[in-house]
Amino acid sequence: MSDKVKNIALSPDGSAVRILDQTRLPGEVVYLDLHGREEMYEAIKALRVRGAPAIGIFAAWGLYVLARSYGEDEFFPRLDDDCDYLISCRPTAVNLARQAERMRALAHGMQGRPIPDIVAALGREAKAIHEEDVAMCRTIAEAGLSLLHPGDTVLTHCNAGPLATSEYGTGLGPLLLAAERGVEIKAYVDETRPLLQGARLTAWELMNAGIDCTLICDNMAALAMKQGRIRAVLAGCDRMAANGDAANKIGTSGAAIIAQHYGVPVYILLPSSTIDLSCPTGADIPIEERDGEEIRSMWYVQPMAPAGVKCWDPAFDVTDHELITAVVTEKGVIYPPYDVNLKKLFG
Ligand code: MRU
């Protein structure tokens with residue numbers, strides 16, 4: 001897998017974070033070198049780099065790149081300011097804050113040491129964060145595949161593939177691993193309104209991997225399940241609360257409610273860096289709201305809603321833990337009661 005998608009990397013001279021600009025897919029594969037904090041903030045906000053684990057990895061590399069240019073006297077105030085700035089960009093995925101805070105804590109723990117040593121340690125930490133995600137995704141893919149059977153067809157929502165993480169992805173990991181082994185698992189792909197991560201990114205990733213996938217509008221999932229076309233729902237996660245409630249792309253909760261109605265299992269696949277035991281329930285997870293223009297006019301040749309119509313554009317929803325059949329992490333498959341079992345493994 002590793003030679004296939006490099007969504008995030010340090011530029012060869014270390015002066016920038018290089019990303020695959022996800023807003024240009026599927027039409028064009030364009031890489032951007034981001035040097036400054038405003039460029040980095042914009043890339044996260046505009047979803048050039050997106051997906052919970054990916055924005056955490058990006059923030060870690062970003063802080064390393066920024067820290068290389070701080071002067072000795074201003075090092076800690078500037079690091080703190082850049083950390084806060086990047087964290088403020090998107091609120092729902094816990095990975096962003098978690099990895100930025102990990103970088104900050106490492107640097108503060110080295111106060112008094114020479115600045116070049118601290119910068120070097122930040123570089124090693126960003127690399128470790130990235131490599132840990134690669135390893136976790138591989139294990140999650142294996143555990144997720146153990147829940148499926150050759151010939152199964154699954155439903156995906158949003159994009160939880162290599163673009164959103166590193167290498168195998170989470171929600172798409174079992175499919176990619178199965179394809180590598182010559183095992184056929186097919187997918188119905190929710191297009192995922194309003195930002196079309198399913199249509200633009202998941203379909204692109206699955207087709208590149210030679211996986212049989214069929215794109216549907218989000219509101220077609222109920223019929224697909226009623227007709228017995230879907231064996232399981234596989235989704236990623238942006239933040240899981242201590243009781244197992246899972247914030248993920250808007251529409252995940254609807255798919256899970258329909259799945260429960262038709263007796264289709266719902267599997268949420270995520271690395272431990274996405275579990276937030278400090279949030280007791282999903283009600284404590286902040287939900288990002290985005291510009292209504294994403295609904296009114298984005299992707300259309302001309303606006304498809306009256307100019308100025310009021311829009312509400314929550315980017316995520318919370319799937320109640322009762323709707324989740326199993327949670328798949330790098331420590332294996334976890335079943336209810338999630339409040340007990342998550343704490344046992346990750347507390
Ligand atoms: O707004 P996005 O595209 O960053 O939202 C991403 C998702 O909701 C993904 O499904 C989630 O991050 C899990 S990805 C491993």
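This is a short chat about the ligand site and some backbone features of a predicted model.

Me: Let's start with the ligand. How many residues surround the ligand, and which are the closest?

Reply: The ligand has 19 residues around it. The closest are Arg 50, Arg 90, Asp 238, Asn 248 and Lys 249.

Me: What does Arg 90 do there, in terms of distance to an oxygen atom of the ligand?

Reply: One of the polar side-chain atoms of Arg 90 is 2.7 Å from a ligand oxygen. For Asn 248, a polar side-chain atom is 2.8 Å from an oxygen atom of the ligand. Gln 197 also places a polar side-chain atom 2.8 Å from a ligand oxygen.

Me: And how much of the ligand's accessible area does the protein cover?

Reply: On its own the ligand has 410 Å² of accessible area, and the protein covers 99% of that. The space that the ligand takes up is the largest cavity.

Me: What is the shell made of: nonpolar, polar or charged residues?

Reply: A mix: 8 nonpolar, 7 polar and 4 charged residues.

Me: Which helix and which strand each supply at least two of the shell residues?

Reply: Helix H2 (52–67) and strand S9 (246–249). As for domains, domain 1 (8–136) and domain 2 (138–346) each give at least three residues to the shell.

Me: New topic, the backbone. Which residues does a cis peptide bond join?

Reply: One such bond joins Arg 193 and Pro 194, with omega about 0°. Pro 194 sits in the loop between strand S5 (186–190) and helix H7 (197–208). Another cis bond runs from Pro 336 to Pro 337, again with omega near 0°.

Me: Where is Pro 337?

Reply: In the loop between strand S14 (332–334) and helix H11 (338–346).

Me: Why point out cis bonds at all?

Reply: Because most peptide bonds are trans. Likewise, most residues other than glycine have a negative phi.

Me: Which residue has a positive phi although it is not a glycine?

Reply: Cys 158, with phi at about 60°. Cys 158 belongs to the loop between strand S4 (153–156) and helix H6 (173–180).

Terms used
Residues are numbered from 1 along each chain as its sequence is written. This is a predicted model: local features need pLDDT of at least 70, side-chain atom pairs count only at pLDDT 80 or more; totals for chains, interfaces and linings use all residues. Side-chain values use heavy atoms; hydrogens and water are left out. A residue is near a molecule or strand if one of its heavy atoms lies within 4 Å of it. A polar contact is a pair of N or O atoms within 3.5 Å; within protein, one must be able to donate a hydrogen and the other to accept it, and residues adjacent in sequence count only if both atoms are side-chain atoms. Accessible areas come from the Shrake-Rupley method with a 1.4 Å probe; for residues, only the protein chains shown count as cover. On a 1 Å grid over the protein atoms alone, a cavity is a set of points where a 1.4 Å probe fits but cannot get out, and a pocket is an open set with protein on both sides within 12 Å along at least five of seven lines; lining residues have an atom within 4 Å of a point. A molecule sits in a cavity or pocket if more than half of its atoms lie within 2 Å of its grid points. Helices (H or I, at least four residues) and strands (E, at least two) are DSSP runs, numbered from the N terminus. Ala, Val, Leu, Ile, Met, Phe, Trp, Tyr, Cys and Pro count as nonpolar, Asp, Glu, Lys and Arg as charged, and the others, Gly among them, as polar. Domain bounds come from an automatic or database domain assignment.
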